[in-house]
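The exercises below are meant to be worked with the sequence and the coordinates open side by side. Try each task before reading the solution that follows it.

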Amino acid sequence: MSRPDINPAIGAMLRNASDWLAHEHSLFRTLNFEPLLVGKGKLSVAVDLPAGFTGAGGVIHGGLMTIIMDSIFGFTVFTALDQLKPIATINLRVDYIADAAPGERVVCAGECITIRDEVAYVSGDLKTQSTNKLIATGSGAFMVGTRGLKKESRL
Amino acid sequence: MSGAEPTLIASPIAEWLGFSMEETDQGALYRLSFDEKHIGNPMIRALHGGVIAAFLEFCSQCALAAKLEPGATLKTVNVDIDYLASSRAQDMTARATILRLGRRIAFVEATGWQEDEARPVAKARCRLRIGE
């Protein structure tokens with residue numbers, strides 16, 4: 001699953017984080033989080049869209065897509081770093097392309113396009129796992145190396 | 001509550017967010033009631049950025065729904081969110097402003113804060129499609 005071009009310390013952190021998300025994290029363990037591809041600056045993860053996130057109209061609320069993208073894009077930034085640093089989302093944009101049904105399993109893919117002046121640029125999308133139907137696209141900017149892990153960072 | 005709001009507020013995502021609202025003289029105030037599941041990274045003990053975005057999008061939808069006739073539908077086209085300051089593991093309050101209500105599209109901005117309204121944690125801009 002892990003590629004050798006990722007910094008070993010970051011690779012180990014991502015494996016720990018991945019185990020922890022899958023088994024301990026109160027939100028992500030309910031999503032059956034499963035990493036499919038972990039490369040330098042590239043990440044692809046399968047998750048469920050549980051019925052508990054249904055909005056009006058009987059389809060999954062877009063907010064869950066945004067939650068998933070914020071997390072996966074943040075992890076994508078980590079895979080691109082040469083040393084482990086805290087990061088924080090500066091801004092995020094999500095376009096809702098199609099509805100998703102409760103219970104659907106989706107793949108969220110992120111790519112870190114570049115890191116310039118300590119700002120990481122990520123874009124990606126969310127597609128159904130069975131039919132590869134595009135559900136949402138997104139892009140975000142992340143600050144790398146925030147001042148003080150406890151107060152300033154967010155993921 | 002009025003218009004299309006009740007269906008939104010009864011939806012499962014509202015319960016997951018611990019969502020509630022109250023009408024005030026200065027318009028509606030929305031609230032996310034903090035829960036452990038809203039935390040992103042437990043080392044940091046802050047609200048997950050995506051959870052803040054989901055909450056502010058939901059506030060935007062409620063603000064728009066209040067202006068629509070019962071039975072009208074709305075769907076978010078897209079959302080942009082700026083994270084202006086770090087958050088804490090506690091409740092968030094928000095207001096939403098309708099920038100423009102067209103026949104088919106509405107533009108809504110929602111601002112969320114924790115201790116001080118003058119120090120917003122995040123601001124979201126949503127565009128929504130209105131259906132009959």
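The expected span of a helix is 1.5 Å times one less than its number of residues, and helices (H or I, at least four residues) and strands (E, at least two) are DSSP runs numbered from the N terminus. This is a predicted model, in which local features need pLDDT of at least 70 and side-chain atom pairs count only at pLDDT 80 or more, while totals for chains, interfaces and linings use all residues. Residues are numbered from 1 along each chain as its sequence is written, and chains are lettered from A and ligands numbered from 1 in the order in which they are written.

**Exercise 1. Two helices**

Compare the expected span of α2(A) with the distance between its end C-alpha atoms, and then do likewise for α3(B).

Solution. Begin with α2(A), whose 19 residues at 1.5 Å a residue should span 27 Å, and whose end C-alpha atoms are 27 Å apart, in agreement. Turn next to α3(B), where 17 residues should span 24 Å and the end C-alpha atoms are 24 Å apart, again in agreement. For burial, a residue counts as buried if 20 or more other C-beta atoms lie within 10 Å of its own, as exposed if 12 or fewer do, and as partly exposed in between, with C-beta atoms placed from the backbone. By this test 19 of the 19 residues of α2(A) are buried, so α2(A) is largely enclosed by the rest of the structure; 17 of the 17 residues of α3(B) are buried, so that helix is largely enclosed too.

**Exercise 2. The nonpolar core**

Which residues touch the most other members of the largest nonpolar core, and which helix gives the most to this core?

Solution. A nonpolar core is a set of buried Ala, Val, Leu, Ile, Met, Phe, Trp, Tyr and Cys residues joined through C-beta atoms within 7 Å. The largest one holds 84 residues, of which A:V77, B:F55, B:L56 and B:C59 touch the most other members. Helix α3 of chain B (residues 49–65) gives the most to this core, with twelve residues. To look at one of the four, take B:L56: leaving aside residues up to four places away in sequence, B:L56 touches B:I81, B:A94, B:A110, B:G112, B:A122 and B:A124, where contact requires C-beta atoms, placed from the backbone, within 7 Å. As background, nonpolar side chains tend to be buried together in soluble globular proteins.

**Exercise 3. Where the chains meet**

How many residues does each chain give to the contact, and in which sense do β3(A) and β3(B) pair?

Solution. First, the contact takes 35 residues from chain A and 31 residues from chain B. On the chain A side, the elements giving two or more residues are α2 (62–80), β3 (87–96) and α3 (149–152). The residues of that side divide into 15 nonpolar, 13 polar and seven charged, where Ala, Val, Leu, Ile, Met, Phe, Trp, Tyr, Cys and Pro count as nonpolar, Asp, Glu, Lys and Arg as charged, and the others, Gly among them, as polar. Next, two strands pair if DSSP finds at least two bridges between them, and β3(A) pairs with β3(B) (residues 73–83) in the antiparallel sense over five bridges. Within this pairing, A:N91 stands opposite B:D82. Finally, β3(B) also pairs with β6(B) (residues 122–131), in the antiparallel sense over ten bridges, and there B:K75 stands opposite B:R129.

**Exercise 4. Hairpins and positive phi**

Where in chain A are A:N32 and A:D117 found, and are they buried or exposed?

Solution. A:N32 is found in the loop between α1 (8–23) and β1 (34–39) of chain A, has a positive phi of about 50° although it is not a glycine, and counts as exposed with 12 C-beta neighbours inside 10 Å. A:D117 is found in the loop between β4 (105–116) and β5 of chain A; its phi is near 50°, and A:D117 is exposed, with 6 other C-beta atoms within 10 Å. For a hairpin, take β1(A) and β2(A), which have two residues between them, with A:G41 in the turn at a positive phi of about 75°. These strands pair in the antiparallel sense over five bridges, and the bridge partner of A:V38 is A:L43.

**Exercise 5. Confidence in chain A**

Which element of chain A has the lowest confidence?

Solution. pLDDT is the predictor's confidence in each residue, from 0 to 100, and chain A averages 88, with 92% of the residues scoring at least 70. Confidence is lowest in α3(A), at a mean of 48, and highest in β5(A) (residues 119–128), at 98. Over residues 149–155 of chain A pLDDT stays under 50, and the model has 26 contacts beyond four places in sequence for them.

Key:
Two residues are in contact if their C-beta atoms, placed from the backbone, lie within 7 Å.
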